[in-house]
Amino acid sequence: SSAETGEALFDVPVNLTATDGASLSEINLAWDAVTDVVSYSVHRATIDNFASAVQIPTPGSNYFTDTT
């Protein structure tokens, strides 16, 4: 675990997929679940630059539908 944050360190999720949602304003994200993880940190950016990304609501499973 991390001494600075007190958070456990886990493997990075793999096999991320993004598919069209039920409407034009939705996108479905899914990835392989990581053992013992209870929630994920997902960020969104309009350009390929993590520094400009904002965190979206934390999903408690290995999928998320973004509607914003």
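Good morning, colleagues. I shall begin with one pair of residues: R44 forms a salt bridge with D66, and their closest N and O atoms lie 2.9 Å apart. R44 belongs to strand β3, residues 43–44, while D66 belongs to strand β5, residues 63–66, so the pair ties together parts that are 22 residues apart in sequence. I should state at once that we are looking at a predicted model.

Why might two such side chains pair at all? Side chains of opposite charge can do so when their charged atoms come close.

Let us consider the surroundings of each partner. Is D66 buried or exposed? D66 is buried, because its relative accessible area is 7%, and the cut-off for that class is under 20%. R44, by contrast, has a relative accessible area of 28%, and is therefore classed as partly exposed. How many salt bridges does the structure hold? The structure holds one, and that is the pair formed by R44 and D66.

I turn now to the protein as a whole. The chain contains five strands and zero helices, and its pattern along the sequence reads β-β-β-β-β. The protein has 68 residues, of which 16% count as buried; D66 is one of the buried residues.

Next, the contacts. Among contacts in the protein with a separation of 6 or more, 32% are made by residues 24 or more positions apart.

Finally, the surface. The accessible surface of the protein comes to about 5300 Å², and carbon and sulfur atoms account for 53% of that area.

Thank you for your attention.

Key. Residues numbered from 1 in each chain as written. Predicted model: local features only at pLDDT ≥ 70, side-chain atom pairs only at ≥ 80, totals over all residues. Heavy atoms only, no water. Helix = DSSP H or I, 4+ residues; strand = E, 2+ residues; numbered from the N terminus. Buried < 20%, exposed > 50% of the residue type's maximum accessible area, 1.4 Å probe, protein only. Contact = heavy atoms within 4.5 Å. Areas by Shrake-Rupley, 256 points an atom, 1.4 Å probe, with all protein chains shown as cover. Salt bridge = Lys/Arg side-chain N within 4 Å of Asp/Glu carboxyl O.
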